[in-house]
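Q: I'm just starting out with protein structures. Please pick one residue, look at it closely, and then show me around the rest of the model from there.

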Amino acid sequence: KRTLLGISLALGFVGCSRAPEPRGPGQPTSPSATYPTMAPPAGGWSTLLGSLSQDLPCPAPGMPKELASMIDCAAMKKVAGATSFIPRQIVAATLPRYVDLDERGLSGPVKDQQQVGACAGFAVSSVLDNVARRSQRGDVSSPLHVFTTYTGNGLETIRGRPMTAETVWPYDPSRACRFARDGSQVGSCGSYYGVSPGSAWSDPGLMNERARADASGFVRIDQFEELAEGTDPNQMAALLADGESIWVALRFYRPAWQSPEVERTGYLPYYPPESAGENHAVVLEGYRVGPYGREFVFKNSWGQGWGRNGRAIIPESMLRTHMNWGYRIRATLSSTPTDGGSPPGNAGNGLCIPGLACLPAPGNASWPSTSTGTWQLPMNPSVLQGLPVPRGF
C-alpha cells in the first residue's frame with residue numbers, strides 16, 4: 001500500500017527539476033487570499049509524509065521515466081550520520097525584524113539546474129557560496145561537482161570531500177545527466193539533452209574532468225546539523241541573522257511552484273500539505289515581518305527567471321507545515337581562493353564562520369557573537385520604519 005501511495009503521490013506532484021508542466025483548472029490560491037491554518041495529524045503533516053517518503057524506494061517502482069527524471073532522490077532522504085542541531089537560548093525580542101543575506105553580500109549567484117533533478121546538490125552549492133562570503137571570499141562552488149559526488153547515494157557522500165569552484169568545472173546539464181546514476185534520471189533529461197544517463201562513468205574524458213575537480217577543492221563540508229520538523233523558527237531566524245543560509249527540504253506541489261503568482265507577487269502560493277508529494281530543496285536566505293507575520297525569503301535553483309530574480313517568500317506558518325527537515329551546514333575553506341578571492345559587494349558586515357570566532361564588522365567591534373549560545377543585537381531603529389523589502393522584490 002505504501003508503494004502504491006508513493007507512486008500516486010509521485011505521479012501527481014513530482015518535483016525538483018524545473019521541467020514545465022501544463023497548468024489547468026485547480027490553480028492554487030493567490031497569496032492575496034488568507035493562508036489558512038490546518039490542524040495537522042498527530043506528529044504533523046511533514047512527519048506523516050516525510051516518514052512515508054523515507055521508507056519508499058526512490059524513484060518509486062513503476063513511476064514513469066519522464067516523471068522519475070525530475071526527482072532528486074537525495075532531497076527525499078535525510079543525511080545519514082547528521083548530528084542534531086543544538087538549539088540556542090534566544091532573546092526573540094532582540095532578533096532583527098529584517099534580514100537579507102543578499103543585501104549583506106553573503107549570497108552567491110542564483111543557479112539553474114535546468115532539466116536535471118539536482119535540487120539537493122544545488123541547494124548545498126548555494127550554502128557553500130554563503131560559507132565563502134562569510135569569509136569575505138568570492139568563490140562560487142560547482143553544483144556539477146557536488147551532484148556528481150552524491151548522485152546514486154545520499155548527501156552524506158559529500159561530507160569530508162573538498163568541492164571545487166564553478167570556474168574549475170562549470171555546470172553543464174547534459175554532463176550532469178550523463179553522470180546521473182540513481183535511477184531517477186532515466187527519462188526526460190536524457191531525451192531532452194540527447195545523452196545517455198549514467199554514461200559518464202565509462203567515459204575517460206568526463207572521468208578525468210571529475211578527477212580534476214576532486215583535486216581542486218576549495219571548501220569541505222565537515223558536518224550536517226539537522227533541523228528537524230518542529231524546530232523553533234526563531235532558531236532559523238537567529239542563524240540567518242548571524243549570516244548563515246540554511247538548506248531546507250519543502251513538500252512540493254508543482255502547480256503552485258510554477259504558478260505565475262510567484263513572479264507577480266513574490267510569494268509561493270499556498271497549497272495544503274496533503275496536496276504535496278515529493279521534496280524540493282531550497283535555501284533560506286532571510287526573513288522580514290510582512291502581511292502574514294514573519295515571512296522567510298528562500299532561493300530556488302530554477303534560474304533568475306523564476307519568482308523574483310530566483311527567490312520567493314514563504315510565510316512562517318507555511319514553512320512550519322511544509323518543511324520536512326533542514327540542515328545547518330558546517331564547512332571549512334582552503335587557505336587559497338579558487339575564484340580570485342575578491343570580497344563580494346557589501347561584505348564585511350560582521351562574519352561568523354563555522355568553527356572560528358566571529359569577526360567584527362569594520363568600525364563595529366560590538367557585533368554580536370553567538371559563541372556564548374545567546375543571540376542579542378541592539379535594534380537598529382531604521383529597521384522598524386516601513387516594511388523592508390528584500391532586494392529583487
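Not counting residues up to four places away in sequence, which residues does Tyr327 touch?

A: Tyr327 touches Lys78, Val79, Ala82, Phe224, Glu225, Glu226, Leu227, Ile246 and Trp247, once residues up to four places away in sequence are set aside. Touching, or contact, means heavy atoms within 4.5 Å. Before going on, here's the small print: this is a predicted model, where local features need pLDDT of at least 70 and side-chain atom pairs count only at pLDDT 80 or more, while totals for chains, interfaces and linings use all residues. Residues are numbered from 1 along each chain as its sequence is written, and side-chain values use heavy atoms, with hydrogens and water left out.

Back to our tyrosine. Tyr327 sits in strand β9, which covers residues 323-333. Strands here are DSSP runs of E with at least two residues, helices are runs of H or I with at least four, and both are numbered from the N terminus. Tyr327 has a relative accessibility of 0%, so it counts as buried. Buried means under 20% relative accessible area, exposed means over 50%, and partly exposed is in between, using a 1.4 Å probe and protein chains only. Tyr327 also has a distant partner along the chain: Ala228 is 99 residues away in sequence, yet the two C-alpha atoms are 8.4 Å apart in space.

That kind of long-range pairing turns up across the protein. Among contacts between residues at least 6 apart in sequence, 78% join residues at least 24 apart. The protein has 12 helices and 10 strands, and 56% of its 393 residues count as buried. Its accessible surface comes to about 15000 Å², with 54% of that belonging to carbon and sulfur atoms. Those areas come from the Shrake-Rupley method with a 1.4 Å probe, and for residues, only the protein chains shown count as cover.

Now for a pair of helices. The axes of α4 (residues 119-133) and α5 (residues 143-150) come within 8 Å and cross at roughly 130°. That angle makes α4 oblique to α5. Here's how the names go: under 35 degrees is roughly parallel, over 145 is roughly antiparallel, 65 to 115 is roughly perpendicular, and the rest is oblique. The axes are lines fitted to C-alpha atoms, for helices over the stretch in contact, and angles run from 0 to 180 degrees between N-to-C directions. At the meeting place, Ala120, Gly121, Phe122, Val124 and Ser125 in α4 meet Pro143, Val146 and Tyr150 in α5. These contact residues divide into 6 nonpolar, 2 polar and no charged. In that count, Ala, Val, Leu, Ile, Met, Phe, Trp, Tyr, Cys and Pro are nonpolar, Asp, Glu, Lys and Arg are charged, and the others, Gly among them, are polar.

Stay with α5 for a moment. It is largely enclosed by the rest of the structure, because 8 of its 8 residues are buried. The buried residues include Leu144, His145 and Phe147. Their cover includes α4, α6 (173-179) and α8 (204-214). Helix α8 is home to Ala213, which is buried at 0% relative accessibility. Leaving aside neighbours within four places in sequence, Ala213 is in contact with His145, Thr164 and Trp169. The C-alpha atoms of Ala213 and Met163 are 7.4 Å apart, though 50 residues separate them along the chain.

The loop between α4 and α5 is worth a visit too. Arg137 lies there, and Arg137 is buried, with a relative accessible area of 8%. Its C-alpha is 9.5 Å from that of Thr338, with the two being 201 residues apart in sequence. Gln136 is also in this loop, but it is partly exposed at 33% relative accessibility. Most residues other than glycine have a negative phi. Gln136 has a positive phi of about 60° although it is not a glycine. Asn309 has a positive phi as well, near 55°, and it lies in the loop between β7 (293-299) and β8 (311-315).

One last stop: Ala276, in the loop between α11 (260-265) and β6 (279-290). Ala276 is buried at 0% relative accessible area, and its C-alpha is 5.1 Å from that of Phe252, 24 residues away along the chain.
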